[in-house]
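This report describes the internal space, the surface and the side-chain pairing of one protein chain. The sequence and the structure are shown first.

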Amino acid sequence: MQQVTDAEYQERLRQCSTCPFHQDDTCLKCGCYISYRARLATKHCPMKVW
């Protein structure tokens, strides 16, 4: 699976950390593990932040 760069991954995690749907490592909007979803280039934020 194609992955994003380390810099893009860190930026995605930073954006998620301020989201009201972020709880621990889970997105309450879609139910995914954020650390997994943020790493994959084909995945996007359900809130269209990234």
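## Cavity, surface and salt bridges

The residues that line the largest cavity divide into nine nonpolar, one polar and one charged. The model is a predicted one, and a search of the whole structure finds one cavity of 30 Å³ or more. The volume of the largest cavity is about 90 Å³. Its lining consists of Cys 16, Cys 19, His 22, Cys 27, Cys 32, Ile 34, Arg 37, Cys 45, Pro 46, Met 47 and Trp 50. Which of these residues is the charged one, and which is the polar one? Arg 37 is the charged residue and His 22 the polar one, because Arg belongs to the charged class and His is among neither the nonpolar nor the charged types. Rolling a probe the size of a water molecule over the atoms shows where empty space is left.

One residue of the lining, Met 47, can be followed further. Met 47 is located in the segment after α2, and it is partly exposed at 36% relative accessibility. The C-alpha atom of Met 47 is separated by 9.3 Å from that of Phe 21, and the two residues are 26 residues apart along the chain.

### Salt bridges

Side chains of opposite charge can pair when their charged atoms come close. How many salt bridges does a search of the whole structure find? The search finds three salt bridges, which are listed in the table.

| Salt bridge | Closest N to O distance | Location |
|---|---|---|
| Arg 39 and Asp 6 | 3.0 Å | segment after α2 and helix α1 |
| Glu 8 and Arg 12 | 3.4 Å | both in helix α1, four residues apart |
| Glu 11 and Arg 14 | 2.6 Å | both in helix α1, three residues apart |

The side chains of Arg 39 and Asp 6 meet in a salt bridge with an N to O distance of 3.0 Å. Arg 39 lies in the segment after α2 and Asp 6 in helix α1 (residues 6–17), so this pair ties together parts that are 33 residues apart in sequence. Asp 6 counts as exposed, with 55% relative accessibility.

Arg 39 also takes part in a second relation across the sequence. Its C-alpha atom and that of Val 4 are separated by 5.8 Å, although the two residues are 35 residues apart along the chain. Val 4 belongs to the segment before α1. Is Val 4 buried or exposed? Val 4 is buried, because its relative accessible area of 9% falls under the 20% limit.

The other two salt bridges are formed within helix α1. Glu 8 and Arg 12 are separated by four residues, about one turn of the helix. The accessibility of these partners is as follows: Glu 8 is partly exposed at 36%, whereas Arg 12 is buried at 4%. Glu 11 and Arg 14 are three residues apart, again about one turn of the helix. Here Glu 11 is partly exposed at 32% relative accessibility, and Arg 14 is partly exposed at 48%.

The loop that follows this helix contains Pro 20, which is placed between α1 and β1. Pro 20 counts as exposed at 70% relative accessibility. Its C-alpha atom and that of Tyr 9 are separated by 19 Å, the two residues being eleven residues apart along the chain.

### Surface patch and backbone

Met 1, Tyr 33 and Tyr 36 make a nonpolar surface patch of about 450 Å². Within this patch, Tyr 33 is found in the loop between β2 (26–27) and α2 (34–37). Tyr 33 is exposed, with a relative accessible area of 57%.

Most residues other than glycine have a negative phi, and most peptide bonds are trans. Where does the backbone of this model show a positive phi in a residue other than glycine? Asp 24 has such a value, near 55 degrees. Asp 24 sits in the loop between β1 (22–23) and β2 and counts as exposed at 70% relative accessibility. Lys 48, which is not a glycine, has a positive phi of about 60 degrees. Lys 48 is found in the segment after α2, and its relative accessible area of 73% makes it exposed.

Conventions: Residues numbered from 1 in each chain as written. Predicted model: local features only at pLDDT ≥ 70, side-chain atom pairs only at ≥ 80, totals over all residues. Heavy atoms only, no water. 1 Å grid on protein atoms, 1.4 Å probe; cavity = no way out; pocket = protein on both sides within 12 Å on 5 of 7 lines; lining within 4 Å. Points joined across faces, edges and corners; volume = space filled by probe spheres on them. Patch = residues over 30% accessible without salt bridge, like charges linked within 9 Å, V, L, I, M, F, W, Y side chains within 5 Å. Areas by Shrake-Rupley, 256 points an atom, 1.4 Å probe, with all protein chains shown as cover. Helix = DSSP H or I, 4+ residues; strand = E, 2+ residues; numbered from the N terminus. Buried < 20%, exposed > 50% of the residue type's maximum accessible area, 1.4 Å probe, protein only.
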